[in-house]
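Here are some exercises to work through with the model open beside you. Try each task before you read its solution.

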Amino acid sequence: MTIPLSWYLLLAATLFCIGFFGVLSRRNAVAALMGVELMLNAVNINLVGFWRYVRPADLTGQIFAIFVLAVAAAEAAVGLALMIAIYRTRRTINVDEIDLLKG
Amino acid sequence: MTNVFNLTWLIPIPPLLAFFAIILFTNPHKRLSSNLAIGAVALSWVMSWLVAFAYFGNWHVLVEEPFALSLPWLPTGTGVFRMGVAVDAVTAVMLFMVGFVLTMIFIYSHGYMTFPGYLDPALNTDGLDPRYSRFFAYISLFATGMLGLVVADNLLMLFVFWEIMGLCSYLLIGFWFDKTYPDPNQITPKQAGLKAFLTTRIGDVLLMIGLLLLFIMTGELNFQAIFKPEVLEHLAESHLAIPFLGAFSAAVVIAIFIFWGAIGKSAQFPLHVWLPDAMEGPTPVSALIHAATMVSAGVYLIIRMQPLFAAAHHGENGAMLFVAFIGAFTALFAATIALAQNDIKKVLAYSTVSQLGYMFAALGIGAWVAATFHLIMHAFFKALLFLGSGSVIHGVEHGHHHAQHGHGEHGHGHHDEHHEAYFDPQDMRNMGGLLRRMPATGWTFIIGAAALSGFPLVTAGFWSKDEILADAWYTGHTLVFWTLAAAALLTAFYSFRQVFMTFFGKPRTEAAAHAVESTRSMTVPLMILAVFAIAAGWVGIPEWFPGVGAILGNPLGTMLGAQAEAYHLHHKPLPPQSVPLLVSIVVSLGGIFLAWLVYGRKPLEAGQPDPLERWLGPIYTVLRHKYYFDELYGSLPNVRPALILRFALWLTAVLRAFDTYVIDGIVNAVGNFGRRFARALRLFFDELFVDGAVNGTGFVAQVAGSVLRLVQTGQVQFYLLIVLLGVLAFLAFVQLGL
């Protein structure tokens, strides 16, 4: 008995929603960044799931997943560096207070 | 030899440089300024004589083809106007006279423009006039004007230099602009300057009209170009319509307009009124500008333009007749006024007017050579006379001071009172017996007066005047001849009246008794000029004259005669004539003898009225008041002007009212209509629609901006939420097939 593709997709969708909710709702910028990681991983699940069920002969899905991991790592590094820089100047990483671009 | 002529254009330059150097740099250093000016003018003198003598040496070649040098100056649309210099016989003799006289007068000014310390001890002026440097700057600029006028090769340049001289004349007449007199009707230097400037302006405007007409008719202002026979013929044959008067030959109209310029500049009737009042200027100025050079520029202009006048003469309406009439009339008219003047400089001023009239009369009858000759001779002896009168005035002023000082020692009580009384050092009634006190001035003045009277055989004035009379006799202008002869008689009379009143008899005032001779820098120019006042005339003695005539050979007359022929002026050497010669000897000696009878035999006593006053009665009063011309022209501040002038003033008032209410009314109505219309447009179209559109655009953008800016919270999460909502909305749109 195999687990059908739709379960994976549901899991990924759930994970994505949790991540997105995290991004939208957390005051702490680091937590929001963690939400972003969740969203990226939800995408990874989708990629791997589709590869396994739709085109197992190709390596495209796996390669893409590794690509996303690498980008996520870089994004985390840049994001955290930004957090530190903002913290140094403004003594806070509360995203509600970071609104310099207000019109 | 011809290379010397290349100096010609440089002649006016040194005084111009001196002018700028003085006003810009050396103004505080008085002696440096005057030395600079004298040095510059002496340089011009040397160059003028080089050019003049180079011409005299080569005139046989040069009369037909005058030296000319020019360069393109103004593009005129149809061609290029050329500016340059030219030397013909007239220019050469003028350069000979002008350069020399200028230098003499500059040197004289060096001694004349002093300012004795006792006049105002508070001023520390080193004994020099407070505006000493300025004086030399002005006369340097004047020298540029005169020399430039002489060498100019076209009428426009001539006119420019003419106006430079007019300006300098104004500045120099009003040089002592702060001077006032106790008599409110005595004209002050400031008023005299204005009067001279405004009176000559009338002539200058008419002259400019003449030049414009000439340029319109021929497209040329260059002398040689105008004097081409075909151009002159064209001018004589074309006609110009004058409103109300009819059509005249263009040559006549232009000649008469040009002559009006000369009337103004040379103070001929009816614009003669400014010259006697111009004597308010310093005496070197009177000698320089108002006797020797600037006033003779008018005569020079007519001499220069004589071919045009001759062309006008061939038409039926001779412009020459007008010139002859004005000249002869002025010669007699001014001579009569000079009889009754007591101011030493005023007599000379009227005599200048009269002598210039002589020259115009000569030009009017076609005696071109004689007029030029008389112009040069007159400049020498009239400069001498004016400088002599300046020396006399200086001497009498010194004597006046000396006499006051002497009185002061005897009784201090009288001193102040005496000092307050106005003393006129120019009034001949305050002089007398000066020959013993001032021998150098006295003898040179007598030589000058003899030359002016035309003392027979010896003096320059005799030969030049005689030639004019001979010409008038020969050409059959009997009326002109007798008028000029009468004027010559009066001239001899008033000249020696002046000599006897000033230098002979006993001193009539303490001032005259204590007069002192002037300094060397004043008397030396007098002596040099005195030599010229006699010897210069010898170059123009007619060849037929027994003895001297054959030896000297009339070099001036021959050269100018050749030049006249080159200009097609129908010059013929005069045959020997006894009548004019005898008449000119008789009037000259007769005038001197009459003056001796009246003033020399029994000199005037102090306070004694002029004998003429008794004999001539009311005529004397008229002459004393200069035929009431100042009253007629309304130029006296406190005298009710004559009826005709009052009418003119009334007419002016009426015309002004017409101008103010009708002409200005129309102009203003048009203007106001324009303004109102524009205002309506502004209110109802510009502000409403144009501004509305512009402001509306801005307003919309502003409102949109103020609404949309609310979206920009700066919070990343809010943006993300909007993205989410947007995506959801898009999905809903797609999925529900809206």
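**Exercise 1: Overall build of chain B**

In chain B, 78% of the contacts between residues at least 6 apart in sequence join residues at least 24 apart; a contact means C-beta atoms, placed from the backbone, within 7 Å. A word on ground rules: this is a predicted model, where local features need pLDDT of at least 70, side-chain atom pairs count only at pLDDT 80 or more, and totals for chains, interfaces and linings use all residues. Residues are numbered from 1 along each chain as its sequence is written, while chains are lettered from A and ligands numbered from 1 in the order in which they are written.

Task: work out whether chain B is more spread out than a compact globule or not, and why.

Solution. Start with the inventory: chain B has 32 helices and 4 strands, taken as DSSP runs (H or I, at least four residues, for helices; E, at least two, for strands) and numbered from the N terminus. Next, the radius of gyration, taken over C-alpha atoms, is 35 Å, well over the 27 Å that the globule rule gives for 738 residues, so chain B is more spread out than a compact globule. That rule is 2.2 Å times the number of residues to the power 0.38. Finally, the C-alpha trace spans about 145 × 80 × 55 Å along its principal axes.

**Exercise 2: The core**

Task: find which helix gives the largest share of the largest nonpolar core.

Solution. First, the terms. A residue is buried with 20 or more other C-beta atoms within 10 Å of its own, exposed with 12 or fewer, and partly exposed in between. A nonpolar core is a set of buried Ala, Val, Leu, Ile, Met, Phe, Trp, Tyr and Cys residues joined through C-beta atoms within 7 Å. Buried residues make up 49% of chain B. The largest core holds 233 residues, and Phe380(B) is one of those with the most contacts inside it. Helix α17 (residues 368-410) of chain B supplies the largest share, 19 residues. Beyond four places in sequence, the contacts of Phe380(B) include Ala460(B) and Phe532(B).

**Exercise 3: Two covered helices**

Task: check the length of helix α21 (residues 460-474) of chain B, then say how many residues of α21(B) are buried.

Solution. Take 1.5 Å times one less than the number of residues: for 15 residues that should be 21 Å, and the end C-alpha atoms are 21 Å apart, which agrees. As for burial, 14 of the 15 residues qualify, so α21(B) is largely enclosed by the rest of the structure. Just after this helix, Gly476(B) has a positive phi of about 80 degrees. Helix α12 (residues 283-292) of chain B is mostly covered too, with 10 of its 10 residues buried, His290(B) among them.

**Exercise 4: Two hairpins**

Task: describe the pairing of β1(B) with β2(B) and of β3(B) with β4(B).

Solution. Strands count as paired if DSSP finds at least two bridges between them. Strands β1 (residues 67-75) and β2 (residues 80-87) of chain B are antiparallel, with 8 bridges; Leu69(B) partners Val85(B). Their hairpin has 4 residues between the strands, and Gly77(B) there takes a positive phi near 100 degrees. Strands β3 (residues 239-242) and β4 (residues 246-249) of chain B also run antiparallel, joined by 4 bridges, and Leu240(B) partners Phe248(B). This hairpin has 3 residues between its strands, with Phe244(B) in the turn at a positive phi of about 75 degrees.

Definitions and conventions:
Contact = placed C-beta atoms within 7 Å.
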